[in-house]
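Trainee: Let us go through this model together. I will ask, and please give the reasoning before the result.

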Amino acid sequence: KNCDVSRKEIGEPKKHLLKSTKELLQSCELVLLNSGVLQGYNTTGITGACKIAPVKMLRYELKENIIMKMISRRDFLKASAVVGATAAMTACGGSSSTSTAASSVAASSAAASSAAATNGSANIGVCIYQFADNFMTLYRSDLEEYLKDMGYAVTIVDGKNDQNTQTEQINTFLQQGVDVLVINPVQTTSAQTIVDTVKPSETPIVFINREPDKSVLDSYADKCCYVGADARQSGTYQGELILETETQGDINGDGKITYIMCKGDPENIDAQYRTEYSIKALTDAGKEVECLYEYLDNWDQTTAQQDVANALSQYGDKIEVVFCNNDAMALGALQSIQQANRTVGKDIYLVGVDALAEAVQDVLDGNMTGTVLNDDVGQATAAAEATKLYVEGSKVEQYYWVDYVKVTKDNASEYVK
């Protein structure tokens with residue numbers, strides 16, 4: 001990010017409507033070194049677009065010399081986000097109108113952000129629902145880095161999973177006169193109250209990770225947006241991971257998939273959608289299912305470990321699949337599965353969401369059936385770009401979506417952090 005990077009253009013940048021993150025709004029050439037052989041690939045240089053693996057080295061072509069740097073997938077995505085931060089907004093998915101609007105502001109956005117980086121002209125207040133959340137730890141670290149790279153002053157506060165605490169923090173930010181608020185709400189049901197509190201100040205809000213109702217965004221038109229991933233997709237992918245196993249989830253062959261569900265916060269739309277759509281994927285495929293029990297584990301690893309241990313003791317071999325709304329709970333479930341002398345992939349299946357480093361390693365080792373990548377890098381990049389657009393007074397769309405990705409033993413090596 002501190003180097004004068006040049007890149008070879010492949011003719012004029014290619015532009016077309018974005019239907020998913022796999023379709024590119026802009027193409028450039030990055031020179032990759034894989035096992036000593038130079039190969040050229042087309043990629044946007046933004047998160048989620050490069051699906052090439054295994055990527056071992058990234059070759060930066062500088063004015064005077066070539067620097068070779070070993071990088072992980074996560075570092076590659078971060079480097080790409082810095083090189084092409086503006087392009088990240090167009091890579092978030094969503095409707096064609098979102099993509100077109102984001103693309104149209106790219107040129108002016110780049111010029112203004114350069115001035116902002118020089119002047120440090122904006123103060124950004126970031127409210128995270130809980131620092132103890134594994135995924136949000138990655139997210140806020142990425143977000144802080146990207147916002148500071150843009151030249152902004154950034155203050156991030158911990159809501160400690162208490163809405164009253166977060167509301168006080170929001171009021172403090174308003175008193176301090178921050179330019180933009182980035183809010184990961186403790187309770188999405190409180191989003192309207194948050195907007196009503198902020199609205200008189202006309203301070204823009206970027207909601208992240210936990211999706212408020214559309215009516216909330218509509219009530220603060222042009223000053224409020226949401227950046228996140230569609231949790232229905234993550235739930236669907238969990239179900240598909242089970243359908244892609246050798247037995248399609250029916251380990252005992254009785255024609256029915258019996259499962260338990262470890263659920264997150266019941267008020268969180270992600271938990272609701274992951275619970276619903278993971279099972280919908282099975283029934284849509286014509287499978288008969290039976291829910292033995294749904295446990296309210298509130299995203300917590302220890303709680304899930306205890307509940308799964310109790311379930312295994314109560315239901316025994318009847319449990320064929322353990323669905324978990326996130327990887328933290330899946331890791332807790334795995335501990336109990338192993339303590340009960342059950343074997344994932346042989347007599348039980350286990351899936352999570354987030355692609356945390358430990359979970360991805362367990363997928364590689366065969367200890368988890370699969371997980372679903374919740375792209376913290378992609379979401380943080382998009383959130384930072386939305387913030388920048390608000391600072392500049394540019395048009396901001398109401399929604400910016402980042403795709404999930406299924407992680408299996410076949411591709412898990414690409415996602416090891």
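Trainee: Which residue caps the N-terminal end of H5?

Mentor: This is a predicted model, in which local features need pLDDT of at least 70 and side-chain atom pairs count only at pLDDT 80 or more, while totals for chains, interfaces and linings use all residues. Residues are numbered from 1 along each chain as its sequence is written, and side-chain values use heavy atoms, with hydrogens and water left out. At the N-terminal end of H5, a side-chain oxygen lies 2.9 Å from the backbone nitrogen of Phe135. That oxygen belongs to the capping residue, Asp133.

Trainee: How far apart are the end C-alpha atoms of H5?

Mentor: Helices (H or I, at least four residues) and strands (E, at least two) are DSSP runs, numbered from the N terminus. The expected span of a helix is 1.5 Å times one less than its number of residues. H5 has 16 residues (134-149), so it should span 22 Å. The distance in the model agrees with this, at 23 Å.

Trainee: What arc do the buried residues of H5 cover around the axis?

Mentor: Buried means under 20% relative accessible area, exposed over 50%, and partly exposed in between (1.4 Å probe, protein chains only). The buried residues of H5 are Phe135, Met136, Tyr139, Arg140, Asp142, Leu143, Tyr146 and Leu147. They sit on the same side of H5, because the arc, taken from the directions from the helix axis to the C-beta atoms, is only 165°.

Trainee: Which residues touch the most other members of the largest nonpolar core?

Mentor: A nonpolar core is a set of buried Ala, Val, Leu, Ile, Met, Phe, Trp, Tyr and Cys residues joined through side-chain atoms within 4.5 Å. The largest one has 65 residues, and its largest share, 8 residues, comes from helix H14 (residues 376-392). Apart from it lies another core of 20 residues, including Phe173 and Phe207. In the largest core, the members that touch the most others are Leu143, Ile208, Val322 and Leu350.

Trainee: Which residues of H5 are among the contacts of Ile208?

Mentor: Contact means heavy atoms within 4.5 Å, and neighbours within four places in sequence are left aside here. The contacts of Ile208 include Val182, Tyr226 and Ala383. Those that also appear among the buried residues of H5 are Met136, Tyr139 and Leu143.

Trainee: Which strands does the salt bridge between Lys256 and Glu290 tie together?

Mentor: A salt bridge is a side-chain nitrogen of Lys or Arg within 4 Å of a carboxyl oxygen of Asp or Glu, and a search of the whole structure finds 15. For Lys256 and Glu290 the closest N and O atoms are 2.9 Å apart. Lys256 is partly exposed at 23% relative accessible area, and Glu290 is partly exposed at 30%. The pair ties together parts that are 34 residues apart in sequence, because the residues lie in strands E10 (residues 256-263) and E11 (residues 288-296).

Trainee: Is Lys388, which pairs with Glu392, buried or exposed?

Mentor: The closest N and O atoms of Glu392 and Lys388 are 3.8 Å apart. Being 4 residues apart in helix H14, the two are separated by about one helical turn. Glu392 is partly exposed, at 23% relative accessible area. For Lys388 the relative accessible area is 1%, so this residue is buried.

Definitions and conventions. A polar contact is a pair of N or O atoms within 3.5 Å; within protein, one must be able to donate a hydrogen and the other to accept it, and residues adjacent in sequence count only if both atoms are side-chain atoms.
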